Amino acid sequence: MNSKNITIIGGGNLGSSIAKGLVQSGLLKPEQITVTNLELHLIQHLKDEIGVNITTNNLEAINNSQIVIVAVKPTVARILLNEIKEPLQKGKQVLISVISGIKIQDLEDILVDVPVIRAMPNTAIAIQESMTALSFNEKGLEHKDEVVEIFDQLGATMIIPESQMPAATVLASCGIAFALRFMRAASQGGIEIGLSSKQSLEVAAQIMKGASKLIIENGTHPEPEIDKVTTPLGVTIKSLNKMEHEGFSSSLVQGVVSGHKKILETES
Ligand SMILES: NC(=O)C1=CN([C@@H]2O[C@H](COP(=O)(O)OP(=O)(O)OC[C@H]3O[C@@H](n4cnc5c(N)ncnc54)[C@H](O)[C@@H]3O)[C@@H](O)[C@H]2O)C=CC1
Ligand SMILES: O=C(O)[C@@H]1CCC=N1
């Protein structure tokens with residue numbers, strides 16, 4: 001990886017987060033990373049804060065890179081891919097698409113004979129704590145090790161068949177927003193029972209970190225961990241049962257499933 005350059009096309013929410021995570025990881029030097037946008041002022045902060053190259057010139061950036069990450073909105077993806085297909089087909093750079101709802105076949109229809117990888121990370125990639133799902137086309141598989149090496153530096157990585165990509169998009173990429181909404185709701189409850197807003201948010205964030213680490217580090221399931229907290233006749237079970245009566249788990253499951261339906265409609 002040390003000698004390769006990466007271009008990120010579309011330095012928005014996700015593209016900028018990827019650039020930050022890459023620099024923080026130390027896998028590449030800032031000067032090996034170029035971020036593009038149609039409007040330079042939108043990515044000036046990346047140059048100022050983390051020292052990466054910025055440009056509006058997609059073609060020049062691609063020509064100077066071995067790995068190209070495309071992070072534009074799905075609505076402009078096809079126009080962009082047609083604009084950049086020539087250098088990609090000539091240079092055979094590895095193309096990593098984080099665009100949701102655009103299948104490998106759609107990418108291959110435009111980019112003939114190019115190694116293509118679909119990656120579905122979340123915005124915690126900025127602090128190397130993403131959950132990233134990866135699917136490869138045949139040529140992309142030749143670059144599996146280096147692509148996994150990149151995303152392993154940026155959090156956890158899971159290689160999946162592309163048929164699971166809609167599910168991974170909802171749970172891994174949208175999921176960070178679901179978790180943050182839980183955090184906000186818990187801290188709102190905390191304020192109602194007497195903690196300050198600052199205290200509530202600090203507690204809510206730390207309990208989520210603790211809960212995550214219990215599962216990730218102990219390799220256990222949530223339910224036995226919950227059993228350890230629920231004292232018979234106690235407070236936790238009273239609160240949990242009230243939450244379940246109000247549809248807590250059911251609303252989460254339904255939210256995940258409706259996101260999945262939405263993305264399946266997009267991909268069909
Ligand atoms: N935001 C998220 O958490 C996640 C987003 N995604 C996917 O990532 C993609 C980007 O999402 P966001 O970062 O949220 O969108 P965004 O709108 O924040 O960023 C896209 C950027 O691309 C720029 N852009 C548009 N056309 C361009 C062109 N021709 N050349 C260079 N730059 C161009 C836009 O000016 C914009 O700043 C989408 O396809 C989305 O589905 C996937 C997983 C998570
Ligand atoms: O909400 C969206 O459509 C995108 C895809 C995954 C996260 N954000």
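**Fold, core and an annotated residue**

Q: Over residues 6-99, how far apart are the end C-alpha atoms, and what are the shares of strand and helix?
A: In this predicted model, local features need pLDDT of at least 70 and side-chain atom pairs count only at pLDDT 80 or more, while totals for chains, interfaces and linings use all residues, and side-chain values use heavy atoms, with hydrogens and water left out. Residues are numbered from 1 along each chain as its sequence is written, with chains lettered from A and ligands numbered from 1 in the order in which they are written. Over residues 6-99 the end C-alpha atoms are 17 Å apart, and the chain there is 20% strand and 47% helix.

Q: Which UniProt annotation covers residues 6-99?
A: The name comes from an unreviewed UniProt entry, and such annotations, given here in the numbering of this model with shortened feature names, may be inferred rather than shown by experiment. The entry labels this stretch "domain: Pyrroline-5-carboxylate reductase catalytic N-terminal".

Q: How many helices and strands does the protein have?
A: Both kinds of element are DSSP runs numbered from the N terminus, helices (H or I) having at least four residues and strands (E) at least two. Counted in this way, the protein comes to 12 helices and 8 strands.

Q: Is Asn58 buried or exposed?
A: The unreviewed UniProt entry annotates Asn58 as "binding site", and this residue lies in helix H3, which spans residues 58-63. With a 1.4 Å probe and protein chains only, buried means under 20% relative accessible area, exposed over 50%, and partly exposed in between. Because its relative accessible area is 13%, Asn58 is buried.

Q: Which residues does Asn58 touch, not counting those up to four places away in sequence?
A: Contact here means heavy atoms within 4.5 Å. With residues up to four places away in sequence left out, Asn58 touches Ile9, Thr36, Leu80 and Ile84.

Q: Which residues have the most contacts inside the largest nonpolar core?
A: A nonpolar core is a set of buried Ala, Val, Leu, Ile, Met, Phe, Trp, Tyr and Cys residues joined through side-chain atoms within 4.5 Å. The largest has 31 residues, and apart from it lies another core of 19 residues, including Ile62 and Val114. Inside the largest core, the residues with the most contacts are Ile8, Leu22, Ile96 and Phe151.

Q: What share of the contacts in the protein with a separation of 6 or more is between residues 24 or more positions apart?
A: One residue with partners at various places along the chain is Leu22, which touches Ile6, Leu27, Ile33, Ile150 and Leu154, among others. Across the protein, the share of such contacts between residues 24 or more positions apart is 60%.
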